[in-house]
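Trainee: I should like to learn how strand pairing and aromatic contacts are read from a model. May we work through an example together?

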Amino acid sequence: MELWFSEVHTPDVKLDIKVSKQLYSGKSEYQQIDVFETCEFGRLLAIDGFTMMTEKDEFVYHGMLVHVPFAVNPLIENVLVIGAGDGGIVRELVKYSTIKHIDMVEIDKMVVDVSREFLPSTACALGDPRLTIHYQDGLRFVRKFSNKYDLVIVDSTDPFGPGEGLFTKEFYGNVSNALTDNGIMVNQLGGSFYQNDILSMQRAFSKIKSTFPIARAYQADIPTYPGGNWLLGFGAKNSHPVRDLKEDKWKQFDIDTKCYNTRLHVGAFALPNHVLKLLEEA
């Protein structure tokens with residue numbers, strides 16, 4: 001008997017991935033968490049039936065969220081990560097020896113525990129001494145700080161359930177307050193292909209535009225995400241993601257990246273016309 005993981009992208013479209021076995025299934029206080037061993041994508045983490053990451057393509061998402069802001073501001077020392085319980089963001093961050101401290105705020109401890117056990121390729125850096133994990137709501141956590149972080153990465157689930165508060169104007173305002181003058185925020189905006197994803201993406205981007213003097217979107221191709229083309233958000237008070245690219249300084253880090261490079265950095269902000277129109281309408 002064949003086993004398949006099915007994720008519904010729209011009422012008329014779903015993605016089926018062949019599964020060799022289910023490694024974990026459990027329900028936390030907040031959500032349903034499943035881990036599958038798949039034939040094509042390696043291990044797959046699903047929350048409430050939606051793919052959060054697979055071992056085969058997670059490097060695109062995590063790499064593009066982390067390395068883009070560092071190439072714009074190589075002086076980043078203090079980082080706040082909201083969400084990211086699978087550990088992939090932290091794995092990329094700890095490659096930078098110049099980082100002094102990382103606060104990771106994850107509302108659901110079970111996500112971290114499951115990732116440590118079943119997703120070692122992403123959770124491998126969660127024991128780094130520069131990292132402090134806070135198991136609480138990210139919206140409440142970020143309210144407490146002003147002018148503290150050089151970088152805030154919002155690696156949240158979709159804008160419903162536990163992640164809903166991380167897509168509000170109040171949240172982005174608090175993030176702006178928590179950032180230093182040269183600070184940068186990056187986050188996942190969502191898909192630009194299916195209508196429901198487009199509406200969520202536009203709502204999120206409109207709040208970034210109303211909060212940050214510099215607000216841009218950039219793209220990454222992630223095969224297991226709905227539509228394949230995914231948008232990430234960039235918000236800053238003073239740093240432009242392309243004009244302020246510090247290509248030579250970033251290369252001095254001599255970091256091994258599987259996806260990101262500085263030429264891709266520039267290209268990621270060159271969006272197709274239909275996506276530019278969607279963002280203008282946001």
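Mentor: Certainly. Please keep in mind that this is a predicted model. Let us begin with strand pairing: five bridges join strand 6 to strand 9 (residues 149-155), and the two run parallel.

Trainee: Which residue in strand 9 is the bridge partner of Val-79?

Mentor: Val-79 is bridged to Leu-151 of strand 9. Strand 6 also pairs with strand 7 (residues 101-105), again in the parallel sense and over five bridges. There, Leu-80 stands opposite Asp-103.

Trainee: What do strand 6, helix 2 and strand 7 make?

Mentor: Strand 6, helix 2 (residues 88-93) and strand 7 make a β-α-β unit, and that unit is right-handed.

Trainee: How many of the six residues of strand 6 are buried?

Mentor: Five of the six are buried, so strand 6, spanning residues 78-83, is mostly covered; buried here means under 20% relative accessible area. As a general idea, side chains in a regular strand alternate between the two faces of the sheet.

Trainee: Let us turn to the aromatic residues. How is a pair of rings described?

Mentor: Two quantities serve: the distance of the centres and the angle of the planes. In this structure, a search of the whole model finds 13 aromatic pairs. In one of them, the ring centres of Tyr-225 and Trp-230 lie 5.0 Å apart with the planes at 65°, so the pair is edge-to-face, since planes over 60 degrees apart are classed that way.

Trainee: Are Tyr-225 and Trp-230 buried or exposed?

Mentor: Tyr-225 is buried, with a relative accessible area of 9%. Trp-230 also counts as buried, at 5% relative accessibility. Ring pairs link these two residues with Tyr-61 into a cluster.

Trainee: What is the arrangement of the rings of Phe-234 and Phe-269?

Mentor: Their centres are 6.1 Å apart and their planes stand at 85°, so this pair is edge-to-face. The contact links distant parts of the chain, 35 residues apart: Phe-234 belongs to strand 12 (residues 229-236), whereas Phe-269 lies in the loop between helix 9 (262-268) and helix 10 (273-281). Phe-234 is buried, with a relative accessible area of 0%, and Phe-269 is buried at 13%.

Trainee: Which rings have the charged end of a lysine over them?

Mentor: Among them is the ring of Tyr-135, where the charged end of Lys-109 sits 5.7 Å from the ring centre. Another is the ring of Tyr-149, with the charged end of Lys-148 over it, 5.4 Å from its centre.

Key. Residues are numbered from 1 along each chain as its sequence is written. This is a predicted model: local features need pLDDT of at least 70, side-chain atom pairs count only at pLDDT 80 or more; totals for chains, interfaces and linings use all residues. Side-chain values use heavy atoms; hydrogens and water are left out. Buried means under 20% relative accessible area, exposed over 50%, partly exposed in between (1.4 Å probe, protein chains only). Helices (H or I, at least four residues) and strands (E, at least two) are DSSP runs, numbered from the N terminus. Two strands pair if DSSP finds at least two bridges between them. A crossover is right-handed if, with the strands pointing away from the viewer, the path from the first strand over the helix to the second runs clockwise. Rings of Phe, Tyr and Trp (its six-membered ring) pair if their centres lie within 6.5 Å; planes under 30 degrees apart count as stacked, over 60 as edge-to-face and the rest as tilted. A charge sits over a ring if NZ of Lys or CZ of Arg is within 6 Å of the ring centre and within 35 degrees of the ring normal.
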